[in-house]
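Here is a friendly briefing to read alongside the model. Keep the viewer open and follow the topics one by one.

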Amino acid sequence: MEQDNNNQHTALLVMDVQGATVARLKEATTFLNTMAKVIQTARDNKLPVIYIVIGFRKGFPEVSQKNRSFSLLKNGSMNFDTEEAIKVHELVAPQPDDIVIIKKRVSAFTGSDLEVLLRSLEIRHIVLTGISTSGVVLSTVREAADKDYTITVLSDCCADLDEEVHRILMTKVFPRQSEVITSEEYVEKLLK
C-alpha cells in the first residue's frame, strides 16, 4: 500500500482506550506505555491525535434491542456509567489540542463525525491504535478502506482479549487493506 510520506495529511487515531476497556487487558501497563510513546511522538511531529470513544445519551436511545453488542447496555444487564465509560485511561489521556470524538457503534466512523473531521483536516492517511483488534480496529479498517483512506495499523498498539484473533487479523486480514507495522517502526519513520 502506498504510504503518504507527507505527515501533513496523516492523523493518529486512539480508539476505545477507556479505563473500563483497558482494565480487561492482561498486559495493560506495557500496552499503555507503548501507546503513550506513539502518541507523544505524533504530537511532537504535529500530527493530529484523534481519540475515539463510545458514548450514548441517558437511557441509550441510540441502541436498538436488535443490536447484540449494545442491547445489554439498554436493558441494564451491564453496569455502564456513560460519563465514566468515555474517560480515556489517564496514562494516554487527551491533551487540550487533541480531538475527542464520540461514536455510537463499533466502527470509529459509525454514528460519529469522524469523516467530516478528517475531510476538513485534509487527512488521507490514518494510523490506527486501539482496543479491541476484533472490534473497533477491524471495523474501522474495513470502513476506512472502503472510503479510500491509506491505513497503517500499529500491531503492538492494538489489543484483543483473544490473542489468536489478534494475531490472525494482524498477519492475514489487515495486510490486505493496510500496512501493519510495530510502534517502533512507526516512530522511526516519523523521526526520519
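How accessible is Glu164: buried, partly exposed or exposed? With a relative accessible area of 40%, Glu164 counts as partly exposed. Please keep in mind that this is a predicted model. The points below begin with the salt bridge that Glu164 makes with Arg167, then turn to other charged pairs, a strand, two helices and the cysteines.

**A salt bridge inside one helix**

- Glu164 and Arg167 join their side chains in a salt bridge, with 2.6 Å from N to O.
- Helix H7, residues 163-173, holds both Glu164 and Arg167. They sit three residues apart, which is about one turn of the helix.
- Arg167 is partly exposed, at 39% relative accessibility, and Glu164 is partly exposed at 40%.

**Salt bridges between parts of the chain**

- Eight salt bridges are found in the structure.
- One of them pairs the side chains of Lys103 and Asp16, at 3.0 Å from N to O. This pair links distant parts of the chain, with Lys103 in strand S3 (residues 99-103) and Asp16 in the loop between S1 and H1, 87 residues apart.
- Lys103 is buried, with 1% relative accessible area, and Asp16 is buried too, at 10%.
- Another salt bridge brings together the side chains of Lys147 and Glu115, again with an N to O distance of 3.0 Å. Lys147 belongs to the loop between H6 and S5 and Glu115 to helix H5 (residues 114-120), so this pair ties together parts that are 32 residues apart in sequence.
- Lys147 is partly exposed at 28% relative accessible area, and Glu115 is partly exposed at 27%.
- Glu115 and Lys147 also belong to a network of salt bridges, in which they are linked with Arg119 and Glu143.

**Strand S4 and its partners**

- Seven of the seven residues of S4 are buried, so the rest of the structure largely encloses this strand.
- In a regular strand, side chains alternate between the two faces of the sheet. Both faces of S4 are covered: one side carries the buried His125, Val127, Thr129 and Ile131, while the other carries the buried Ile126, Leu128 and Gly130.
- S1 and S4 run parallel and are joined by six bridges. Thr10 has His125 of S4 as its bridge partner.
- S4 also pairs with S5 in the parallel sense, over six bridges. Here Val127 has Thr152 of S5 as its bridge partner.
- From S4 the chain crosses through H6 to S5, making a β-α-β crossover that is right-handed.

**Thr140 in helix H6**

- Thr140 is part of helix H6, which covers residues 133-146.
- Is Thr140 buried or exposed? Thr140 counts as buried because its relative accessibility is 0%.
- Beyond its neighbours within four places in sequence, Thr140 is in contact with Met15, Ser107, Ala108, Phe109 and Leu128. Among these, Leu128 is one of the buried residues of S4.

**Helix H2**

- H2 takes in residues 28-44, 17 residues in total. From its first C-alpha to its last it reaches 24 Å, close to the 24 Å expected at 1.5 Å a residue.
- The buried residues of H2 are Ala28, Phe31, Leu32, Thr34, Met35, Val38, Ile39, Thr41, Ala42 and Arg43.
- Which elements help to cover the buried residues of H2? The cover includes strands S1 (10-15), S2 (49-54), S4 (125-131) and S5 (150-159), along with helices H1 (19-22) and H8 (183-191).
- Lys46, just after H2, takes a positive phi of about 65 degrees.

**Cysteines without a disulfide**

- A disulfide is a covalent bond between the sulfur atoms of two cysteines. The whole structure, when searched, gives zero disulfides.
- Why is there no bond from Cys157 to Cys158? The closest cysteine sulfur to that of Cys157 is in Cys158, 7.0 Å away, which is too far for a bond. The cut-off for a disulfide is a sulfur pair within 2.5 Å.
- Seen from the other side, Cys158 is in no disulfide, and its nearest cysteine sulfur is that of Cys157.
- Cys157 counts as buried at 0% relative accessibility, and Cys158 counts as buried at 5%.

Note on methods. Residues are numbered from 1 along each chain as its sequence is written. This is a predicted model: local features need pLDDT of at least 70, side-chain atom pairs count only at pLDDT 80 or more; totals for chains, interfaces and linings use all residues. Side-chain values use heavy atoms; hydrogens and water are left out. Helices (H or I, at least four residues) and strands (E, at least two) are DSSP runs, numbered from the N terminus. The expected span of a helix is 1.5 Å times one less than its number of residues. Buried means under 20% relative accessible area, exposed over 50%, partly exposed in between (1.4 Å probe, protein chains only). Contact means heavy atoms within 4.5 Å. A salt bridge is a side-chain nitrogen of Lys or Arg within 4 Å of a carboxyl oxygen of Asp or Glu. Two strands pair if DSSP finds at least two bridges between them. A crossover is right-handed if, with the strands pointing away from the viewer, the path from the first strand over the helix to the second runs clockwise.
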